[in-house]
Amino acid sequence: MALDNGPAGGREALAELAGERVDHRFKGLPPDAYGLTVAELAGQRRNLFTGGFATPVLALSAERLEHNLKLMETYAAQHGLAFAPHGKTSMAPQLFHRQIEHGAWGITLAVPHQVWVARAFGIGRIFLANELVDAAALRRLAAELDADPDFRFVCYVDSVRGVELMDAALTAAGAARPVDVVVELGAGEGARTGARTEADCAAVADAVAGTRTLRLAGVAGYEGEVPDADPERVHAWLRRLVALAADFDKAGRFEGLEDIVLSAGGSAWFDAVADVFAEVPGLSLPVLKLLRSGAYVSHDDGHYREVTPFNRVPAEGALEPAFRLWTQVVSRPSPEQAFANAGKRDAAYDLDLPFAQAVRPGGGGPERPAAGIAVSGLSDQHAWLRTGPEAELEVGDWVGLGLSHPCTSFDKWQLIPVAEADGTVVDYIRTFF
């Protein structure tokens, strides 16, 4: 899919990122590069370890990033799934476009700000995995839809009240195009959002049918919130979702559409989504089976390494953790303890602490495994390192940390070097949180 998918200015906005000047806003970049454009710095192909980069510095592996993009493109295609990866993971328009180039239908997002970022960079298909009831945001959405007939936007609805608020705001805005909505089926009592029963879903659909400003486009939900999730429970909930789509279709609720949207899929159960969506019965219209997994783009060394569905289906491949946070030892007060200069401002810590993986001697020399070194805690600007007798670690050494949870790793860095295996930095990823 071409980069001009969306507003005419999207391609230009993407190109302008390369013209941004490197300065104090961006952590970890070489101080002697200040004043260069991002494109000029990338063209120098500096080495992450010898090219003046300052710790802490987060880097993405060029090879692993490309591997993950290709793998999920292949997976979705093999299972007959359209793919709208969740963009809230990276909030990086460059990665949005790479995902689209690797076959993605569009991008999933969570809140209006993220939608405006995606639109500014030319994303023409957006799935908002939330009910949108803010009047100001709906006014802007109406203007976006009316100005661009090729813009496709779909969002959740899960309550009659939400439908009423959307209708009132869109009517007041004079919206010419109806907003496509999908009824969200909740994953169970005590789960997150979503109408809790099929009867509740039908009431929401009835409310949509009573408006001029909304159009029912399908059904959706998030299987990752199924209480006490296991394969049996997740499959059962997904079959409820498919049955809801079939019931709505039988009742004639989708007349006039080009396709019926059926959407689910986080990063922990997309194999179950593939299984159940393969069972979708013949409906009156083609079904857009939309998978929304997002964490795959960088994967991780913790939570998602443990829960990825590829652990259950190893024959279909394996994602590779693409992040590494490099930090420097600044204190070695005892044989059992050391401190490095990366903390909560730099590293994800909401699911797991970082994992010490590699050491690069401060005086130069080959990289070695971080034997006997573990992260025991994080302060705002320090990593607490516990060191065993086998640990070789001195003040000045660089320690490479693996991270857990991509969604809270990207958001701490505005400009992220993309480095090849030998440390050559070939690109920089700009984020917008």
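**Exercise 1. The cavities**

About 40 Å³ of space lies in the largest cavity of this predicted model. Find which residues line the largest cavity, and how they divide by class.

Solution.
- Step 1. List the lining: S267, F270, A295, Y296, H299, Y304, T308 and L319.
- Step 2. Sort these residues by class. Five are nonpolar, three are polar and none is charged.
- Step 3. Check the classes by name. Tyr counts as nonpolar, and Y296 and Y304 are both in the lining.

**Exercise 2. A second cavity**

How many cavities of 30 Å³ or more does a search of the whole structure find? Describe the lining of the second largest cavity.

Solution.
- Step 1. The search finds two such cavities.
- Step 2. The second largest cavity holds about 30 Å³ of space.
- Step 3. Around the second largest cavity stand L69, M72, E73, F83, Q99, H102 and Y296. Y296 also appears in the lining of the largest cavity.
- Step 4. Helix α3, residues 62-78, supplies the largest share of the lining of the second largest cavity, three residues.
- Step 5. By class, the lining of the second largest cavity has four nonpolar residues, two polar and one charged. Glu counts as charged, and E73 is in the list.

**Exercise 3. The largest pocket**

Which residues lie nearest the centre of the largest pocket, and which element gives the most to its lining?

Solution.
- Step 1. The largest pocket has about 600 Å³ of space.
- Step 2. Its lining has 35 residues, and H86, K88, R192, Y222 and G266 lie nearest the centre.
- Step 3. Two elements, β4 (125-131) and α11 (303-307), give two or more residues to this lining.
- Step 4. α11 gives the most, with three residues.
- Step 5. By class, 15 residues of the lining are nonpolar, 14 are polar and six are charged.

**Exercise 4. The second largest pocket**

Describe the lining of the second largest pocket by position, element and class.

Solution.
- Step 1. About 390 Å³ of space lies in the second largest pocket.
- Step 2. Of its 20 lining residues, S61, R64, R324, W326 and A421 lie nearest the centre.
- Step 3. The elements that give two or more residues to this lining are β1 (57-61), α3, β10 (323-334) and β12 (355-360).
- Step 4. The lining divides into 10 nonpolar, three polar and seven charged residues.

**Exercise 5. The open sheet**

What is the order of the strands in the open sheet of eight strands, and which strands are at the edges?

Solution.
- Step 1. Strands of a sheet pair through backbone hydrogen bonds, either parallel or antiparallel.
- Step 2. Here the order is β2-β9-β8-β7-β6-β5-β4-β3, and the pairing is parallel.
- Step 3. β2 (82-83) and β3 (107-109) are the edge strands, because each pairs on one side only.
- Step 4. Take one pair from the sheet: β6 (residues 179-184) and β7 (residues 214-220) run parallel and are joined by six bridges. E184 stands opposite A220 in β7.

**Exercise 6. Cysteines**

Why does C155 form no disulfide?

Solution.
- Step 1. A disulfide is a covalent bond between the sulfur atoms of two cysteines.
- Step 2. The cut-off for the two sulfur atoms is within 2.5 Å.
- Step 3. The closest cysteine sulfur to that of C155 is in C201, 15 Å away, so the two are too far apart for a bond.
- Step 4. The count of disulfides comes to zero.
- Step 5. C155 is buried, at 0% relative accessibility. C407 is also buried, with a relative accessible area of 11%.

Definitions and conventions
Residues numbered from 1 in each chain as written. Predicted model: local features only at pLDDT ≥ 70, side-chain atom pairs only at ≥ 80, totals over all residues. Heavy atoms only, no water. 1 Å grid on protein atoms, 1.4 Å probe; cavity = no way out; pocket = protein on both sides within 12 Å on 5 of 7 lines; lining within 4 Å. Points joined across faces, edges and corners; volume = space filled by probe spheres on them. Helix = DSSP H or I, 4+ residues; strand = E, 2+ residues; numbered from the N terminus. Buried < 20%, exposed > 50% of the residue type's maximum accessible area, 1.4 Å probe, protein only. Pairing = 2+ DSSP bridges.
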